[in-house]
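Morning, everyone. I have a few slides' worth of notes on one protein, so please have the structure open while I talk.

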Amino acid sequence: MPLFFQNMRRVFRELNETPLSDLPVALTGYAKPKIEKGIETGAFRLGLMNLLSSRFRGPGIALMFHEIQTDVESELLTGCPPEQLREILRAIKSDGRDVVTIEEGLAQLGQQNPKPFALLTLDDAYRDNLEIALPILEEFAAPTTLFVPTGMINRQLDVWWLELRAVLKHHETFAFPPMDRVFVCADTASKAAALRKVTAWVGTDQGRVNELTAALAPYGMNKASLIDSYAMDDATLKQFAAHPLVTIGAHTTTHRFMSQLSDDEVMREFKDNKEFLENLIGQRVEFLAYPYGTEGACGEREANLAKEAGFKAAFTTRPGHVFAEHLKLPHLLPRIDVGYFPQRKAALASRLSGFQRAMLTGWKEPIATLT
Ligand SMILES: [Zn+2]
């Protein structure tokens, strides 16, 4: 209850500071996730999810994970704990889907009555994917694709999300003038909430990323050693890539918003990263995931460039299932995030059944492409 009152106080405070013309937007911002959560929970409890989302259930689903953490609390709830990964793999199986490689999934899509399948994808090359996720994937004989940005392996990446997390872990306040906020965060819950809010604000635009990077600079964090603590290096990536369940995919060199770069720059991001990975692991790299993957981060132009760079298919983060129609647009495949914590049973069922997209599009557009 105290948390509820704190939240309400915050809502009223922020609504007070909102210009009248923006009020409907502000109210929607607060109400929408809560309403969606209520609808999801209701449909789940009444056993109506599959019925209400049958048009949105595709032959394929592509699931996205990042870090797989044994201690989610100490990392401010940013990853998926091992037991949750097992639960998701069990849910996929009981839903009648086989976990297959991207190559196999695309081939199955082209068939008359495709066998239902799931694709597992891991982004950014965290070392826990090798140490914690892989043994679990072995238990389930589940193949996976890891999308790797060059900058993570050569320690050059602007890992603002790891830097922000480290700063919040070690400080009780964080002032961030671009959001006009001072986050007071003495405990894990408030640190995790601050991290979520800043990440949501930043994750829409490269300019905002640059503002955050500038705000984090005075804390003097060493980015390369942060990457060292969490990410794979040449040797561990090679070891991971050599495993029979693993495919390596591209994720650009610098992990920026591709939509904000010139055609030439995007092409270099795609081709250099592909070449770097192919040279390192000695295998072809044929699939790509766009950094951020949102509408603002990638679209038709990036899809055309990805095709031109030689990728067979590419993934966004537009939520939705994979349909045979996507074979006409294989460089804008949807992908569903299930790698966050905590995850409600209703939220997982909503993603696996197609209910999530049905709800988000007002039961209008089963097939995700540009949105
Ligand atoms: Zn990424």
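On one side of helix α12, Ala235 and Gln239 are exposed. This is a predicted model, by the way. So which residues of α12, running from 234 to 241, are buried? They are Thr236, Leu237, Phe240 and Ala241. Looking down the axis of α12, you find these buried residues within an arc of 135°, so they line one face of the helix. Ala235 and Gln239 sit on the other side.

What covers the buried residues of α12? The cover includes three strands, β3 at 117-123, β4 at 144-148 and β7 at 246-250. It also includes the helices α6 at 128-139, α7, and α13 at 263-281.

Next, the zinc ion. Its protein donors are Asp124, through OD, and His251 and His255, each through NE2. They lie 2.1 to 2.2 Å from the zinc ion. Along the chain, the spacing of the donors reads D-x126-H-x3-H. If you want to find the two histidines, 251 and 255, look inside: both are buried.

Now glutamate 67. You will find this residue in the loop between β1, residues 60-65, and α4, residues 82-94. Is glutamate 67 buried or exposed? Its relative accessibility is 5%, and buried means under 20%, so glutamate 67 counts as buried.

The side chain of glutamate 67 has polar contacts to report. One, of 2.9 Å, is with the side chain of arginine 165. Another, of 3.4 Å, is with the side chain of glutamine 69. Leaving out residues up to four places away in sequence, glutamate 67 touches Thr78, Gly79, Cys80, Tyr126, Asp128, Asn129, Arg165 and Tyr230. Arg165 therefore turns up both in that list and as a polar partner.

Last, asparagine 154, which is in another loop, the one between α7, residues 150-153, and α8, residues 160-170. With a relative accessibility of 32%, asparagine 154 counts as partly exposed, because that value falls between the cut-offs of 20% and 50%. Its side chain reaches the backbone nitrogen of glutamine 156, at 3.0 Å. As for distance across the model, asparagine 154 and alanine 303 are 149 residues apart along the chain, and their C-alpha atoms are separated by 26 Å.

That is what I have. Questions now, please.

Definitions and conventions
Residues are numbered from 1 along each chain as its sequence is written. This is a predicted model: local features need pLDDT of at least 70, side-chain atom pairs count only at pLDDT 80 or more; totals for chains, interfaces and linings use all residues. Side-chain values use heavy atoms; hydrogens and water are left out. Helices (H or I, at least four residues) and strands (E, at least two) are DSSP runs, numbered from the N terminus. Buried means under 20% relative accessible area, exposed over 50%, partly exposed in between (1.4 Å probe, protein chains only). A polar contact is a pair of N or O atoms within 3.5 Å; within protein, one must be able to donate a hydrogen and the other to accept it, and residues adjacent in sequence count only if both atoms are side-chain atoms. Contact means heavy atoms within 4.5 Å. The arc is that of the directions from the helix axis to the C-beta atoms. Donors are N, O and S atoms within 2.8 Å of the metal (3.2 Å for Na, K and Ca); water is not among the atoms, so sites may look incomplete.
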